[in-house]
Protein chains: 2
Amino acid sequence: MNIRLYNAKILTMEKHKDVFEGEIWIKNEKIAYLGETKKLQAQITGDFPTIHWDLELDCGGNLLMPGFKNAHTHSAMTFLRSYADDLPLAEWLNEKVFPLEAKLTYEDIYQLTKLAILEYLSSGITSIFDMYLIPDAVAEACSNLGMRCVLTSGLNRMNSSIEQQEQEYLKWNKKSNPLISYLLGFHAEYTCSQEQIYRISQLARKYRAPVYMHMAETRQEVEDCKKRTGLTPARYLDTMGIFEYGGGAFHCVHMTPEDCEVFRRRRLHVITNPSSNLKLASGIAPIAEFEKYKIPVAIGTDGPGSNNCLDMFREMFLVAGLSKVVSQDASAVGAERVLRMATVHGAKAMHLFRADVLAKGKLADLILIDLHQPNMQPSDNIISNLVYSANKSNVLMTMINGRILYRNGEYFVGESPTDIIDTCNQIIQKLHQA
Amino acid sequence: MNIRLYNAKILTMEKHKDVFEGEIWIKNEKIAYLGETKKLQAQITGDFPTIHWDLELDCGGNLLMPGFKNAHTHSAMTFLRSYADDLPLAEWLNEKVFPLEAKLTYEDIYQLTKLAILEYLSSGITSIFDMYLIPDAVAEACSNLGMRCVLTSGLNRMNSSIEQQEQEYLKWNKKSNPLISYLLGFHAEYTCSQEQIYRISQLARKYRAPVYMHMAETRQEVEDCKKRTGLTPARYLDTMGIFEYGGGAFHCVHMTPEDCEVFRRRRLHVITNPSSNLKLASGIAPIAEFEKYKIPVAIGTDGPGSNNCLDMFREMFLVAGLSKVVSQDASAVGAERVLRMATVHGAKAMHLFRADVLAKGKLADLILIDLHQPNMQPSDNIISNLVYSANKSNVLMTMINGRILYRNGEYFVGESPTDIIDTCNQIIQKLHQA
């Protein structure tokens, strides 16, 4: 497929590169050309000796930019949206989430993940970092609908095993499926045995691989870890050898300076989830502090059970707004830095090094943002508008791996969205009844 | 105009009334019938002896509910969106806002308000409580485009006068324009002289009228007021007689128990503006505390200069989420209460007693919400979905005073939205250059 996207404003998210007017050519899954239109006319050679366009799309002066990287989610938890809201984390997890999760089949997870994918696409999210019970089911859903997905394991005392994780790791990193990859992980320090954690660190060493997990989401979790181990989760996991090859952690709400020091030294990513942390009353992550330690921050929605929506615009506003209010400094964590977290840092945290920015040779994971709606006026500060004022209704198109999967409110995922929604509502009824 | 909206789910926002399936009839500006369809068939008499429908609209099983009441805004500040973001309130106000505002003409404010109205409509906002430099210009814009607007004065040492306010009050409360009304107000304690505040309290007594103003937005403002007067703003204004006939205050971030006592005793409304308070690092209003005092809370976006977007969905999520995290209690300030703030309490704060709920005889200020998008699944908890998961892309239709002004992304405001946007961008260029 050769696709030409022209008459666009382009924000590549490369450093120190301003928005410019131009066009992007896509050849199969990659960006084959990106530049100004006038330059282009002298360059109709190279990769496109005689160009047959399968699609030429007039972008109407709207903005092409890298898609959002949702760096922490549990997609299949769509069945828990608006179920048992307004409860504390431990009660929500133990009394509401776990009993229903125990009933889930492979097929349920496959279908429920597809529902989340529809929402990702309408939000301009082009890749997800997904932790859930049966990663294979998540992978199948993403693969079938065209979503790029980095899997990780939710290994804990009750679910999965070291052997299963190693198998999954090898299976999904064979690169036989261009959309799916796998990073080592486990649910959290407090849900795993010391032996499990030790064995994951051995796995990390064996594959020289980074490791990811929930960390310091609640104050209680940190206190409990200190009682058990004498150390905070970050320092305990570090002494267990988990971070020898890098990685990162989800949430990181309650972090000490020593924890930040571990993250800085090990070059770990913080993956922040502000909506979820508000809604479950977990706290507010100190993003401005992380920046002082030069810790790279990525952003995730967390699962739809706790958020409840899969919307990177809300998360971006919250990262900026909450950082400002917590630092008592309106200049803290500005728009450009937040947009970088939601795109470039996300890609790096997820080891998607070919999907970080828009440039020749990079993967064609990109979105078209409507700059003509009233909420994007005045039109002269696009980055501020994206972070502080844009919302899902500004997403005109979502392209993943060179395929347009969503455009002008319509889905092109090879299946009927209505069927997916109906099937999921039936599964949810079944889960609640059984 | 007789309009029939059928095949809908209906959320009236009356107390203890669940969502039900039915239809709504609108005759001119009012709701003439609201009920179940099966009931209806036996009742084709009454107001509609022979019914000629100007429009019959199949709502497709989606949700009709009261429009959102944006209970605090400065609409014309669209020219300041994404201008000088990431600055502290005082610096932003004194060095950025005031110098540009000094250049604004009546025509500028008229046009810039129209730009905001387009955004309100796309967000399901059916009335606004607007404070700005030239209320007449705001009224003209709202009147011409069909937006319901409650004006108040931004009176301060530099702008407007008691005489002007009294004139405006009388002019806009004659009820000659069904969309416009006026409530007494002033900018804030810290921007008015003691004499001005005293004279407003006399005006309040003369007309037995409520009064509204910014209050306790920043800690500094409260400290300064205490230094000057020995009292917090709430208590100082109360002793000055401002609240003898009720009213309310915008922001209310830094409130003491004694302040809450004043609000309870005087039956004042808190009008909270969470996005703005985050973005300007002002703080987080203690909404759960207000609820303990039974203080009614309404919600506003504040102006697009400080927010930066005019979106009640974002504000609703923030009221809930911030209340939970500040109270360290995930059960604090639940979805139903927040939705009530954004609709019923807003209407009451704005003295729009005929636009609070959907019922026969009430004003037809209503919206249609798409329940079929992925973010609204599972579909069984509509109120939670509205507060935690919905966004502007779920707004299918906005009707004000019986007129459909926005539907399926198109505006029906008697003017071209593109022209409005272009004119405003030209005004903004002019303001920045001059």
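Here are some numbered points on this predicted model, running from the single chain to the pair.

1. **The chain as a whole.** Chain A holds 15 helices and 17 strands. Its radius of gyration is 21 Å, close to the 22 Å that the globule rule gives for 434 residues, so chain A is as compact as a globular protein of that length. If you like to picture outlines, the C-alpha trace spans about 65 × 50 × 45 Å along its principal axes.

2. **Inside the chain.** Of the 434 residues of chain A, 60% count as buried. Among contacts in chain A with a separation of 6 or more, 73% join residues 24 or more positions apart.

3. **Two domains.** Domain 1 of chain A is made of two stretches, 2-66 and 355-411, while domain 2 covers 68-349. The centres of the two domains, taken over C-alpha atoms, are 29 Å apart.

4. **Where the domains touch.** Domain 1 of chain A brings 24 residues to this contact and domain 2 of chain A brings 26. On the domain 1 side, the elements giving two or more residues are α14 (382-389), β15 (395-400) and β16 (403-407) of chain A. Of these, α14(A) gives the most, with 5 residues. By residue type, the domain 1 side divides into 15 nonpolar, 4 polar and 5 charged.

5. **How the two chains are related.** A turn of 180° with a shift of 0.0 Å along the axis lays chain A on chain B, with an RMSD of 0.0 Å. That is the relation of a two-fold axis. If you want a landmark for the axis, try S393(A): its C-alpha lies 2.4 Å from the rotation axis, the closest approach of any residue of chain A.

6. **The surface between the chains.** Chain A and chain B each put 54 residues into their contact. In chain A, the elements that give two or more residues to this side are α3 (106-122), α10 (274-279), α12 (312-327), α14 and α15 (417-433). The largest share comes from α12(A), with 7 residues. The side of chain A that touches chain B divides into 22 nonpolar, 22 polar and 10 charged residues.

7. **Do look at both sides.** What share of the interface residues of chain A are also interface residues in chain B? The figure is 100%, so the copies meet through the same surface.

8. **A helix to keep in view.** α14 of chain A is worth a second look in the viewer: α14 is listed among the elements on the domain 1 side that touches domain 2, and α14 is also listed among those on the side of chain A that touches chain B.

Definitions and conventions: Residues are numbered from 1 along each chain as its sequence is written. Chains are lettered from A and ligands numbered from 1 in the order in which they are written. This is a predicted model: local features need pLDDT of at least 70, side-chain atom pairs count only at pLDDT 80 or more; totals for chains, interfaces and linings use all residues. Domain bounds come from an automatic or database domain assignment. Two residues are in contact if their C-beta atoms, placed from the backbone, lie within 7 Å. Helices (H or I, at least four residues) and strands (E, at least two) are DSSP runs, numbered from the N terminus. Ala, Val, Leu, Ile, Met, Phe, Trp, Tyr, Cys and Pro count as nonpolar, Asp, Glu, Lys and Arg as charged, and the others, Gly among them, as polar. Copies are superposed by least squares on the C-alpha atoms of residues with pLDDT of at least 70 in both. The radius of gyration is taken over C-alpha atoms; the globule rule is 2.2 Å times the number of residues to the power 0.38. A residue is buried if 20 or more other C-beta atoms lie within 10 Å of its own, exposed if 12 or fewer, and partly exposed in between; C-beta atoms are placed from the backbone.
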